[in-house]
Amino acid sequence: MNVQQLKVFVEVMRRGTLQEAADQLGLTQPTVSFHLRKLEESLGTQLFRKQSRKLIRTEAADELLPYARRVVSLMEEAADRMQARAAQGHNKLKLGASYTPATYFMPPFLAEYKQAHPETALLLTVKKAETILYLLRQHEIDAAIVSLPNEPEKGLQIVPLIEDELQLVLNPGHPLASAETLSVDQLEHEIFLLHEQGSTSRQLAEEWAAYIGLQFHSVMELGAIETIKETLKFNSGIGVLPLRSVLKETAAGELIRRPLPGAGYTNRRHICLAYRDEPIYAAHIRSFVDFIRTTGGRGD
């Protein structure tokens, strides 16, 4: 068993076909098949079987996958570190973030970290929190800043940095804008502008609605917070948005915000640092984790 065989195995598991894996790796399909066969021989177990021209992975393949990913990731990380030394110490730090932290929280911290570590190249991937955590578990990014409910995530260290509760957001001309607190009866037949399914904001908005007995009779689902805010400026609906995403607009009087109604309802939404629950070998990744753990909480 060698690293190249494991790298081929991981790519076949990711792509699902020999040809797609070969294309991704810049190899021929027979070469991919050769590496898989040699890997199976060295392990003494079958990893794939063919069925009606489809490649079916075995239970052994599923069990091997997390170990293979970790080995491949460590080897790539080691190669990057050695290349960085050859290039006079330049490192590559692959970060992930969900939309709210990436836009409204991270910029000053990224600037400060970059100023203190000019030798480190920062690469930021921005997607929904669940996608970012998947990439983190797959060793495709090194660490992440994501909005999450206050609950553990298997295989990851989750460090809450600051609260970022959801708020109701309205146009100042909305009929309910003058009310300091809103009731279920007042909200029952309103049009709600909500973030897309799968986002932390949407998950917690639906949890809150269920907690207070509110049914969303009319929903406009939008994929970006900025789109929701701009729509609210020309619409009589009500948005459910993270507090930090509307501070600028509410300070300018373009929008107004109200707390989520519901006696006993507790905010569970935090901006969190996430990294794999395993030793961090690369010094530049450790330095970023330590930096965010130390400074990230001052954002409130």
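Helices (H or I, at least four residues) and strands (E, at least two) are taken here as DSSP runs, numbered from the N terminus. By that count, the protein has twelve helices and twelve strands. This is a predicted model, where local features need pLDDT of at least 70 and side-chain atom pairs count only at pLDDT 80 or more, while totals for chains, interfaces and linings use all residues. Residues are numbered from 1 along each chain as its sequence is written, and side-chain values use heavy atoms, with hydrogens and water left out.

**Overall picture**

- The C-alpha trace of the protein spans about 70 × 50 × 35 Å along its principal axes.
- Of the 300 residues in the protein, 44% are buried (buried is under 20% relative accessible area, exposed is over 50%, and partly exposed is in between, with a 1.4 Å probe and protein chains only).

**Cavities**

- Rolling a probe the size of a water molecule over the atoms shows where empty space is left.
- A cavity is a set of points, on a 1 Å grid over the protein atoms alone, where a 1.4 Å probe fits but cannot get out; its lining residues have an atom within 4 Å of a point.
- Grid points are joined across faces, edges and corners, and a volume is the space filled by probe spheres set on the points.
- Searching the whole structure turns up two cavities of 30 Å³ or more.
- The largest cavity holds about 120 Å³ of space, and 13 residues line it, with Glu77, Arg276, Glu278, Pro279 and Ile280 nearest its centre.
- Helix 4 (59–86), strand 12 (269–276) and helix 12 (283–295) each put at least two residues into the lining of the largest cavity, and helix 4 has the largest share, at three residues.
- Sorted by class, the lining of the largest cavity has seven nonpolar, two polar and four charged residues (Ala, Val, Leu, Ile, Met, Phe, Trp, Tyr, Cys and Pro count as nonpolar, Asp, Glu, Lys and Arg as charged, and the others, Gly among them, as polar).
- The second largest cavity comes in at about 90 Å³; it is lined by 13 residues, and Ser98, Tyr99, His195, Ser199 and Thr200 are the closest to its centre.
- Helix 5 (99–104) and helix 9 (200–212) each supply at least two residues of the lining of the second largest cavity, with helix 5 giving the most, three residues.
- The class split for the second largest cavity is four nonpolar, seven polar and two charged residues.

**Helix 1 and helix 12**

- The expected span of a helix is 1.5 Å times one less than its number of residues.
- Helix 1 (residues 3–15) has 13 residues and should span 18 Å, which agrees with its end C-alpha atoms being 18 Å apart.
- The N-terminal end of helix 1 is capped by Asn2, with a side-chain oxygen 3.2 Å from the backbone nitrogen of Gln4 (a polar contact is a pair of N or O atoms within 3.5 Å; within protein, one must be able to donate a hydrogen and the other to accept it, and residues adjacent in sequence count only if both atoms are side-chain atoms).
- Buried residues of helix 1 are Gln5, Leu6, Val8, Phe9, Val10, Glu11, Val12 and Met13, and just after this helix Gly16 takes a positive phi of about 95°.
- Helix 12 also fits its expected span: 13 residues should cover 18 Å, and its end C-alpha atoms are 18 Å apart.
- In helix 12, His284, Ile285, Phe288, Val289, Phe291, Ile292 and Thr295 are buried.
- Those buried residues cover an arc of only 160° around the axis, so they sit on the same side of helix 12 (the arc is that of the directions from the helix axis to the C-beta atoms).

**Helix 6**

- Met106, Phe109, Leu110 and Tyr113 are buried in helix 6 (residues 106–116).
- Looking down the axis of helix 6, its buried residues fall within an arc of 100°, so they line one face of the helix.
- Pro108 and Gln115 are exposed on the other side of helix 6.

**Single residues**

- His139 is in the loop between helix 7 (129–137) and strand 5 (143–149), and counts as buried at 11% relative accessibility.
- Most residues other than glycine have a negative phi.
- Phi of His139, however, is positive, near 65°.
- Ser52 lies in the loop between strand 1 (48–51) and strand 2 (54–57), and is exposed, with a relative accessible area of 68%.

Terms used. 1 Å grid on protein atoms, 1.4 Å probe; cavity = no way out; pocket = protein on both sides within 12 Å on 5 of 7 lines; lining within 4 Å.
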